[in-house]
Amino acid sequence: MSPTRRAAVLGSPIAHSLSPVLHRAAYDELGLTGWEYGRHEVDEAGLPGFIGKLGPEWAGLSLTMPLKRAVIPLLDEITDTAASVEAVNTVVFTADGRRIGDNTDIPGMLAALRERGVERVERASVLGAGATASSALAALSRICTGEVTAYVRSAARAEEMRGWGERLGVAVRTAAWEDAAEAFTAPLTVATTPAGTTDALAAAVPDRPGTLFDVLYEPWPTALATAWADRGGAVVGGLDLLVHQAVLQVEQMTGRSPAPLAAMRRAGETALAAR
């Protein structure tokens, strides 16, 4: 029997994505037996054709790199949150056929921090300057009352981060990556770099650090997260972010709220442990 409602995650590469595990766990918990969530390898060139062929049974899409910006011209509307960072990770198809884009990474970050008791900080540090770093700045614009220092590898990246700060209303100071250990003096450090990048910084974690938000979930724990926890600091991980942003996607696509956070997290942990 064909599904009555469909959703999927798109990206390239996509084989590693945990989104199907999380969304299917939510469907099971919510009793949505007619729902199917898939995974499709789609690059920027193939995106218009893929979306153009979707039928009325489609409820929504999750988007990962490199599609978060490429999808915007294909949509009827995007939310203010998505517009603030020019990135869409969620598309919802309405009953009248409209395509609405949103970004659940930003509220997902805030929800993951809130779960660990972080609701307001006087300053923060960001390691890295890629797409996730701009989302981190957008999240920090809502909870950081003072300056955010971004540690970057080039003058071009520094200029980019300062530009995002101006756009998002965040006071951003940039510093060289060679000084990244100084990031750990802030109450909150957000690591947005690829796997292995922060390993050399693990030895620089001070006694009694604040909170680390490391957006990686595989491999986990990172060397930095391990050192941080060993010194008594609070750690928020990439799976926390992934689950919280997926919760918001499930709620938007299915119209059911609240989505089952605990069941989705358990499914993600089980899937990662099996890899």
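Is Ala-191 buried or exposed? Select Ala-191 and have a look: this is a predicted model, and in it Ala-191 has 2% relative accessibility, so the residue counts as buried.

Now widen the selection to residues 188-191. That's strand S10, the home of Ala-191. Skipping neighbours within four places in sequence, show what Ala-191 is in contact with: Leu-127, Leu-212, Phe-213, Asp-214 and Val-215. Then draw a distance from the C-alpha of Ala-191 to that of Ser-125; you should get 8.4 Å, for two residues 66 apart along the chain.

Next stop, the largest nonpolar core, which has 35 residues. Pick out Val-126, Leu-137, Leu-140, Val-148, Met-161, Leu-188 and Phe-213, since these touch the most other members. Colour the elements that give two or more residues to this core: helices H4 (105-115), H5 (131-143) and H6 (155-168), along with strands S7 (124-127), S8 (148-152) and S10. H5 gives the most, with 7 residues.

Stay here and centre on Val-148. Leaving out neighbours within four places in sequence, its contacts are Ala-124, Val-126, Leu-137, Leu-140, Val-170, Ala-171, Val-172 and Arg-173.

Apart from this core there is another one, of 25 residues; to find it, select some of its members, including Ala-7, Leu-18, Val-243 and Leu-272.

Last pick: Ser-19. You'll find Ser-19 in helix H1, which covers residues 19-30. Its relative accessibility is 8%, under the 20% cut-off, so Ser-19 counts as buried. Not counting residues up to four places away in sequence, Ser-19 touches Val-9 and Tyr-37.

Definitions and conventions:
Residues are numbered from 1 along each chain as its sequence is written. This is a predicted model: local features need pLDDT of at least 70, side-chain atom pairs count only at pLDDT 80 or more; totals for chains, interfaces and linings use all residues. Side-chain values use heavy atoms; hydrogens and water are left out. Helices (H or I, at least four residues) and strands (E, at least two) are DSSP runs, numbered from the N terminus. Buried means under 20% relative accessible area, exposed over 50%, partly exposed in between (1.4 Å probe, protein chains only). Contact means heavy atoms within 4.5 Å. A nonpolar core is a set of buried Ala, Val, Leu, Ile, Met, Phe, Trp, Tyr and Cys residues joined through side-chain atoms within 4.5 Å.
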